[in-house]
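Here is a friendly tour of the pockets in this protein and of a site taken from its database record. Take a look at the model first, and then we can walk through it together.

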Amino acid sequence: MNLLSIFSFNSNKKEAIKNESSSHWVKCKSCHSLMYYKEVENQNYVCPKCGFHLRIGVKERIKLLEDEGSFVEYDANLHPVDPIKFVDSKAYTKRIEEGFAKTGRKSSVVSGEIIMNGVDAQIVIFDFAFMGGSLGSVEGEKIVRAVNRAIEKRQGLVILSASGGARMQESTFSLLQMSKTSAALAKLARYNIPYISVLTDPTMGGVSASFATLGDIIIAEPGALIGFAGQRVIEQTIGSALPDGFQRAEFLLEKGSIDMIVNRNELKKTLSDMLTLLKVA
C-alpha cells in the first residue's frame with residue numbers, strides 16, 4: 001500500500017464516521033437521550049431509556065404486526081382528485097404530488113389483509129407522512145371497502161389511526177367521510193364482527209370524532225395525543241387552563257374514554273389475542 005492510498009483510506013473512513021454521526025443517531029423527544037438508531041430500531045422505535053414511542057411509518061407498522069410476508073394490500077390504485085380546485089399557499093394537486101414523492105403512496109391510508117400470530121384480519125393503517133394522515137375521499141372509501149371485505153370474509157377489522165383530522169382541501173367531501181365510515185362500521189355489529197381501533201400519536205380532529213373512537217375495543221399507544229381540537233384552541237374557548245396530560249392516552253384511560261394502553265412491542269400479541277377472544281361465529 002503506497003502513501004497516497006493510506007491517506008485516501010483515512011479520508012474515506014473519516015467521511016463515513018461523519019455521515020454516520022449526522023444521520024445514524026436519534027435523540028429522544030422525551031428524555032433527550034442520544035441513541036444509536038439501530039438500538040432504537042431493534043426496540044421498534046421505542047426509547048430504551050424512558051419508553052417514549054417515536055412515530056413510525058406504514059412499513060414499520062406492517063413489519064411489526066404481520067406474520068412474515070402475510071400482508072396483502074388492496075385498493076392501492078385509488079388516488080385523490082381535486083373536486084373543488086382548492087388552492088391555499090399551493091394547489092391541492094401539488095400537495096398530492098409532494099405526498100406521493102415523500103411516501104410512494106397515493107393516499108394517507110394503506111389497507112389490506114394481514115395474519116398476526118396465525119389470526120387473519122382486515123387492517124387499515126394511516127400514514128402521517130402523507131399530508132398529516134388527513135382523511136379524504138380516498139381514505140374513507142378504503143375504510144368502507146375494508147369493512148365490506150371483513151363482512152365477506154368473516155374477519156375482524158383493525159384500524160390504526162395517525163391523523164390530524166379531515167382534509168380541508170376537499171371541504172365537505174372530506175367531512176362526509178366521517179358519517180360514511182361510521183355508517184359502514186355499524187354494519188359490522190349486525191354480523192358480529194369485531195372492530196378494534198388503535199390510536200397512535202397523533203389522532204385528532206374528524207378522525208377522533210368518528211371511526212377512531214367507535215371500536216368495540218379502543219387501544220392507544222403510550223403517550224399518544226388524542227382529541228378533537230388542539231389544547232390552545234380549547235383553552236382560548238373556555239378561558240381557563242387545562243389539566244396536565246390533557247388529551248394524552250393516560251389521561252383518557254383514567255377518564256374511561258379508551259379501554260387500554262398497549263406498548264408497541266406487545267401490540268401484535270394483544271391484537272391477535274383480542275381477535276381470537278372475539279372470534280367471528
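In what follows, contact means heavy atoms within 4.5 Å. Please keep in mind that this is a predicted model.

**The annotated cysteines**

Let's start with the record. UniProt, in an unreviewed entry, places the feature "binding site" at Cys-28, Cys-31, Cys-47 and Cys-50. These four are spread over 23 residues of sequence, yet they cluster in space, with a largest C-alpha distance of 8.8 Å.

Two of them can be followed in more detail. Cys-28 sits in the loop between β1 (25-27) and β2 (34-36), and Cys-31 is also placed in the loop between β1 and β2. Is Cys-28 buried or exposed? Its relative accessibility is 1%, so Cys-28 counts as buried, because the cut-off for buried is under 20%. Cys-31, with a relative accessible area of 30%, is partly exposed.

Their surroundings can be listed too, leaving aside neighbours within four places in sequence. Cys-28 then has contacts with Ser-33, Met-35, Cys-47, Cys-50 and Phe-52. For Cys-31, the partners are Cys-47, Lys-49 and Cys-50.

**Two pockets**

Now for the open spaces. Rolling a probe the size of a water molecule over the atoms shows where empty space is left. The table sets out two pockets.

| Pocket | Volume | Lining by class |
|---|---|---|
| Largest | About 420 Å³ | 12 nonpolar, six polar, 10 charged residues |
| Second largest | About 160 Å³ | three nonpolar, one polar, five charged residues |

The largest pocket has a lining of 28 residues, and those nearest its centre are Leu-54, Arg-55, Ile-56, Phe-128 and Asp-201. Elements that give two or more residues to this lining are α3 (58-65), α4 (92-103), β5 (119-126), β6 (156-163) and β7 (195-203). The largest share, three residues, comes from β6.

Where does the largest pocket lie with respect to domain 1 and domain 2? Domain 1 (21-54) and domain 2 (56-278) both contribute to its lining, so the largest pocket lies between them.

The second largest pocket is lined by Glu-41, Asn-44, Tyr-45, Ile-56, Lys-59, Glu-60, Lys-63, Leu-64 and Arg-264. Here α3 gives the largest share, with four residues. Domain 1 and domain 2 both give residues to this lining as well, so the second largest pocket lies between them.

Key: Residues numbered from 1 in each chain as written. Predicted model: local features only at pLDDT ≥ 70, side-chain atom pairs only at ≥ 80, totals over all residues. Heavy atoms only, no water. 1 Å grid on protein atoms, 1.4 Å probe; cavity = no way out; pocket = protein on both sides within 12 Å on 5 of 7 lines; lining within 4 Å. Points joined across faces, edges and corners; volume = space filled by probe spheres on them. Nonpolar A, V, L, I, M, F, W, Y, C, P; charged D, E, K, R; others polar. Domains from an automatic or database assignment. UniProt positions renumbered as here; feature names shortened; annotations may be inferred. Buried < 20%, exposed > 50% of the residue type's maximum accessible area, 1.4 Å probe, protein only.
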